Amino acid sequence: MDQLLSPDMDLNSAATDQRIHDLSGQKQSGLAWVKANVKEINAWVDRDGFALLRGLNIVSTNQFSTILETIFGEPLSQYIYRSSPRTALRNNIYTTTEYHADQVILQHNENAYSNCWPMRMGFFCVLPATTGGDTPLADSREVYKRLPEALRARFEERGIMYVRNYGDIDLPWQEVFQTQSRDEVEAYCWKNDIQCEWFDDGRLQTRQFRPAVMAHPQTREKVWFNQAHLFHCSAVDTDMPDSIGADYLPRNAYYGDGGEIAKEDIDVINQVYRELTFSYPWQRNDILLLDNMLFTHGRQAYTGTRKVLVGMAKAAR
């Protein structure tokens, strides 16, 4: 097994990491083994917040979809109200975010900017990158604990307002909401507590108010559960705010009362994530199962060709 990359872990500890489950000696197909061990697999994720299944024989994307549905005990969720480009495959399996290989995707809990998010996620490595390309993780409980108390208190008290402008710079609204109908967009926004406004130039702007901190529904532990650091204007190209104006940025994050979030606070949040992030180098056919509230995920930059797929289920509000 590969060594776990972690700033606070012994280099030899990966060999005994109970979250890596080496199943290469199994004679059954990957799907048959999963069907026979569903209860144990879910117990691993419940206990540790994630589980890496390594060495299963998986022959197709369809089989991966069936494996996830078997583990999650329900059909996979459709990915609507997107924030990043990806390709939909069969049975609600998607490619992971299709940003350029030289870009790093910061740590995040999937759909933490929304009032509806998946509790469970499953990643499948079809082809690991030549170098890099790991999917780093960080414990959202530890992020909350390590942030300065005064910063936590501000975010907990004021919440977050996510502002999005849809158009040529980022994703068009048709892709985000998976429809060509303005009426369907407005209906979705009304149902999901999203404020939306159409402008004369055809641009759509949405605003959504969300808490910065949540309690996990099973463990009741507080978790840092937001994407303020990803949406904040400091995360975009440094020239963009000046060139198009802050009101037209593809995305931005404010306090829930409309106040600006200081870049210095975003820097602190990003530093805590860096301190707590660890990763496992992908191997072909790896499946990573994740509790989306307990652990964030991201992506390292990479070289070569990389193909990692994802499916989600167990929607929560």
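This briefing describes the overall build, the surface and the nonpolar cores of one protein chain. The model is predicted. The chain comprises 10 helices and 17 strands. Its 317 residues would be expected to give a radius of gyration near 20 Å if they formed a compact globule, and the chain agrees with this because its value is 20 Å.

**Overall build**
- Along the principal axes, the C-alpha atoms occupy a box of roughly 60 × 45 × 40 Å.
- Of the contacts between residues at least 6 apart in sequence, 78% link residues at least 24 apart.

**Burial and surface**
- Buried residues account for 53% of the 317 residues in the chain.
- The exposed area of the chain is about 14,500 Å², and 47% of this area is supplied by carbon and sulfur atoms.
- There are 33 positive and 42 negative side chains, and the centres of these two sets are 6 Å apart.

**Nonpolar cores**
- In soluble globular proteins, nonpolar side chains tend to be buried together.
- The largest nonpolar core of this chain contains 61 residues.
- The residues with the most contacts inside that core are Phe 50, Phe 123, Leu 137, Phe 155, Phe 177, Trp 224 and Ile 269.
- When neighbours within four places in sequence are left aside, Phe 155 is in contact with Ile 160, Ala 212, Trp 224, Ala 228, Tyr 255, Ile 261 and Ile 269.
- Another core, of 23 residues, lies apart from the largest one; its members include Val 34, Ile 58, Ile 93 and Leu 309.

Methods. Residues are numbered from 1 along each chain as its sequence is written. This is a predicted model: local features need pLDDT of at least 70, side-chain atom pairs count only at pLDDT 80 or more; totals for chains, interfaces and linings use all residues. Side-chain values use heavy atoms; hydrogens and water are left out. Helices (H or I, at least four residues) and strands (E, at least two) are DSSP runs, numbered from the N terminus. The radius of gyration is taken over C-alpha atoms; the globule rule is 2.2 Å times the number of residues to the power 0.38. Buried means under 20% relative accessible area, exposed over 50%, partly exposed in between (1.4 Å probe, protein chains only). Contact means heavy atoms within 4.5 Å. Accessible areas come from the Shrake-Rupley method with a 1.4 Å probe; for residues, only the protein chains shown count as cover. Lys and Arg count as positive and Asp and Glu as negative; His and the chain ends are not counted. The place of a charge is taken as NZ of Lys, CZ of Arg, CG of Asp or CD of Glu. A nonpolar core is a set of buried Ala, Val, Leu, Ile, Met, Phe, Trp, Tyr and Cys residues joined through side-chain atoms within 4.5 Å.
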